[in-house]
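Thanks for coming, everyone. I'll put the chain up on the screen and talk through it for a few minutes, so stop me if anything is unclear.

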Amino acid sequence: MELNKIYNQDCIEGMRQYPDKFFQLAIVDPPYFQGPNLSGYYGKGYSNLGVKRAKYYKGCKEWNVPGPEYFQELRRVSKNQIIWGANHFAGVFDSSSPCWIIWDKDNGKSSFADAEIAYTSFRSAVRIFKYMWNGMHQGSFGGDVSKNEKRIHPTQKPVALYKWLLAHYANAGDKILDTHAGSCSSAIACIDMGFDYIAYELDHDYWKAGTERVRQFEAQLKLF
Ligand SMILES: C[S@@+](CC[C@H](N)C(=O)[O-])C[C@H]1O[C@@H](n2cnc3c(N)ncnc32)[C@H](O)[C@@H]1O
């Protein structure tokens, strides 16, 4: 099976082609709410940073919260899972798992959430990754915005977060699955750290922007 591909496809359909436990680790970030306004766009089509917002329109598949079938298939194809948005999926997970992950966004007085929480299937302690993610303020660059990651997705997570997850929860040679790739930060982290991966993104615009971001990253790697 071909690896290191990002498919513009529904992830449940995509996962069906893999045998049990094909991936050693799935790091996933599914939509966790349908949006308060299902009859039209929520807010402006584009943010001030030029990021295309979610399309919260009626029947929009891209922002459907995944049901039991998704989690069943995810567990079938992957040995271990890290699942973001865990606080929104109460009841779905094995509550005896002690190893949850907190991403502390270090975002001061921002009205956005202070942190994001991931369920994991691992049996180790709760861990916190602190990394600033607040508009123009990113990471520990001391205000040097030229080092910022370009934002192309409304719920983009930093590449640094995925690299930290891979460093702590993956082993050399692992195959990584991301079912909801969005900006493709996970794929960039995998490439940077030498992991094989497969990713899915249903929305064609996000898929196009995400794969272009990956292409640019790979071109840069070749250059240096
Ligand atoms: C919360 S965002 C993921 C953001 C990503 N972690 C990042 O760092 O950019 C969820 C993404 O899943 C996509 N999506 C929703 N349903 C999907 C499905 N069934 N299969 C694949 N992608 C899906 C949405 O279009 C959206 O881009």
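Let's begin in a loop. D106 sits in the loop between β4 and β5, which covers 115-120. I picked D106 because of its backbone: phi is near 50°, a positive value in a residue other than glycine. As for its surroundings, D106 counts as partly exposed, since its relative accessibility is 30% and the buried class stops under 20%.

There's another one like that towards the start of the chain. N4 is not a glycine either, yet it has a positive phi of about 60°. You'll find N4 in the segment before β1. With a relative accessible area of 36%, N4 is partly exposed.

Okay, stepping back. What you're looking at is a predicted model. How many helices and strands are there in the chain? Five helices and 10 strands. The chain has 224 residues, and 47% of them count as buried. On the contact side, take residues at least 6 apart in sequence: 69% of those contacts join residues at least 24 apart.

Now the inside. The largest nonpolar core has 34 residues, and the ones that touch the most other members are I27, I82, W84, L165, Y169 and I176. Which elements give two or more residues to this core? On the strand side, β2 (23-28), β3 (78-84), β4 (101-104) and β10 (196-200); on the helix side, α3 (159-169), α4 (185-193) and α5 (204-223). The largest share is from α3, which puts in seven residues.

If you want one residue to click on, try L165. Ignore its neighbours within four places in sequence, and L165 is in contact with I27, I82, W84, I101 and A170. And there's a second, separate core, of 20 residues, with F23, V28, I83 and F89 among them.

While we're in the strands, have a look at A26, which lies in β2. A26 is buried, with a relative accessible area of 0%. Again leaving out neighbours within four places, its contacts are L74, S78, N80, Q81, I82 and L177. One distance for A26 as well: R75 is 49 residues away in sequence, but the C-alpha to C-alpha distance between the two is 8.8 Å.

The element I'd like to spend the rest of the time on is α4. Is it buried or exposed, on the whole? Seven of its nine residues are buried, so α4 is largely enclosed by the rest of the structure. The buried ones are S185, S186, A187, I188, A189, C190 and I191. What covers them includes two helices, α3 and α5, along with β1 (5-7), β9 (175-178) and β10.

So how does α4 sit against those two helices? Take α3 to begin with. The axes of α3 and α4 come within 8 Å and cross at roughly 55°. Angles from 35 to 65 degrees fall outside the parallel and perpendicular classes, and α3 and α4 are therefore oblique to each other. The crossing of α3 and α4 is right-handed. For the residues involved, α3 brings V159, Y162, K163, L166 and A167, and these meet S185, S186, I188, A189, C190, D192 and M193 in α4. As a reminder on spacing, an α-helix has 3.6 residues a turn, so residues three or four places apart point the same way.

Then there's α5. Here the axes of α4 and α5 come within 9 Å, and they cross at roughly 20°. That makes α4 roughly parallel to α5, as the cut-off for that is under 35 degrees. The contact is made on the α4 side by S185, A187, I188, I191 and D192, and on the α5 side by R213, V214, F217, E218 and L221. This crossing, of α4 and α5, is right-handed. And just after α4, G194 takes a positive phi of about 80°.

Last item: cysteines. How many disulfides does a search of the whole structure find? Zero. C99 counts as buried, at 0% relative accessibility. C190, which we met in the contact between α3 and α4, counts as buried at 2% relative accessibility.

That's my tour. Happy to rotate the view if anyone wants another look.

Notes. Residues are numbered from 1 along each chain as its sequence is written. This is a predicted model: local features need pLDDT of at least 70, side-chain atom pairs count only at pLDDT 80 or more; totals for chains, interfaces and linings use all residues. Side-chain values use heavy atoms; hydrogens and water are left out. A nonpolar core is a set of buried Ala, Val, Leu, Ile, Met, Phe, Trp, Tyr and Cys residues joined through side-chain atoms within 4.5 Å. Buried means under 20% relative accessible area, exposed over 50%, partly exposed in between (1.4 Å probe, protein chains only). Helices (H or I, at least four residues) and strands (E, at least two) are DSSP runs, numbered from the N terminus. Contact means heavy atoms within 4.5 Å. A disulfide is a pair of cysteine sulfur atoms within 2.5 Å. Axes are lines fitted to C-alpha atoms, for helices over the stretch in contact, and angles run from 0 to 180 degrees between N-to-C directions. Angles under 35 degrees count as roughly parallel, over 145 as roughly antiparallel, 65 to 115 as roughly perpendicular and the rest as oblique. A crossing is left-handed if the near helix is turned anticlockwise from the far one by less than a right angle, and right-handed if clockwise.
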